[in-house]
Amino acid sequence: MTEPLPTVQNMSITREFFRHPMRTGAIAASSARLAGVMTAGLGVESAHSVVELGPGTGVFTEALLRILQRDAHFTAVEINRHLVQELRERFPSLHVAEGSAEHVAAYVTMPVDVVVSGLPWTAMHAAPQAAVLNAVCEVLSPQGRFTTFAYAHTARTPPARRFARLLRSRFAVVERTSVVWRNLPPAYVYRAALPVRSGLDRYGQPASAAS
């Protein structure tokens, strides 16, 4: 049985799904149980810089804010203007950047310790999947960690398999959790560490661009 989900958050994400299904990807807000799995085991508690990609209605955002240090830098990158406005109203102290995850380097000024993603990977073609993962690796510190989730019913689809291959080609360590059944739909989480390409130079540009 799935746990109850916040009504207001569900209404927001469902509305945006029907407005922009390829960008939103989810028809219901993620559960607190999935948020707990997404934010566990990443060292968020000691992180100096954290980025969230595709925060949506802020379920993961709220979980991150509960465990982040007060002086940590936390940036959320959301492409949907309506959700950006809602996030800024709900979390007035949070830096919410309106834009594409591919341009995450433009919104951070230091290597990032943890990137948490709620992006709809299986709704993306190959090029955007690769571009976003490349951007993630570029902003992560050498010891940085990345986490994201996927719905269990999509696991055998070509986009999901392609994403899994891309993820393993860009991180030295990748693990997949068991299915989180208390979510709608049920989902599993990827945790990845040690990006192949990582870090920003002292000017805030991707290190790879300076070579």
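These legends go with several close-up views of a predicted model of a protein chain.

**View 1. The whole chain, before we zoom in.**
Start by getting your bearings: the chain is built with eight helices and seven strands. How many of its residues count as buried? Of the 211 residues in the chain, 51% do. Now think about who touches whom. Take the contacts between residues at least 6 apart in sequence: 69% of them join residues at least 24 apart. As for the outside, the accessible surface adds up to about 10400 Å², and carbon and sulfur atoms account for 56% of that.

**View 2. A patch of positive charge on the surface.**
Here you're looking at a group of arginines: Arg156, Arg161, Arg165, Arg168 and Arg176 come together on the surface as a positive patch. Which helix gives the most to this patch? That's helix α7, spanning residues 158-170, which supplies three residues. Pick out Arg161, which sits in helix α7. Is Arg161 buried, exposed or partly exposed? Its relative accessible area is 44%, so Arg161 is partly exposed; the label "exposed" would need over 50%.

**View 3. Thr157, in the loop that leads to α7.**
Slide along to Thr157 and you'll find yourself in the loop between strand β5 (140-151) and helix α7. Thr157 counts as partly exposed because its relative accessibility is 27%, and buried would mean under 20%. Now look for Thr122 as well. Along the sequence, Thr157 and Thr122 are 35 residues apart, while in space their C-alpha atoms are 8.0 Å apart.

**View 4. A cis peptide bond at Pro185.**
What's the peptide bond from Leu184 to Pro185 like, cis or trans? It's cis, and its omega is near -5°. To place Pro185 in the chain, look at the loop between strand β6 (171-176) and strand β7 (187-195).

**View 5. Leu194 and its positive phi.**
Next, check out Leu194, a residue of strand β7. What is special to spot in its backbone? The phi of Leu194 is near 60°, which is a positive value in a residue other than glycine. How open is the residue to the outside? Leu194 has 33% relative accessibility, so it counts as partly exposed. In other words, Leu194 falls in the band between the buried limit of under 20% and the exposed limit of over 50%.

Technical notes
Residues numbered from 1 in each chain as written. Predicted model: local features only at pLDDT ≥ 70, side-chain atom pairs only at ≥ 80, totals over all residues. Heavy atoms only, no water. Patch = residues over 30% accessible without salt bridge, like charges linked within 9 Å, V, L, I, M, F, W, Y side chains within 5 Å. Areas by Shrake-Rupley, 256 points an atom, 1.4 Å probe, with all protein chains shown as cover. Salt bridge = Lys/Arg side-chain N within 4 Å of Asp/Glu carboxyl O. Lys, Arg positive; Asp, Glu negative; His and termini not counted. Charge placed at Lys NZ, Arg CZ, Asp CG, Glu CD. Helix = DSSP H or I, 4+ residues; strand = E, 2+ residues; numbered from the N terminus. Buried < 20%, exposed > 50% of the residue type's maximum accessible area, 1.4 Å probe, protein only. Contact = heavy atoms within 4.5 Å.
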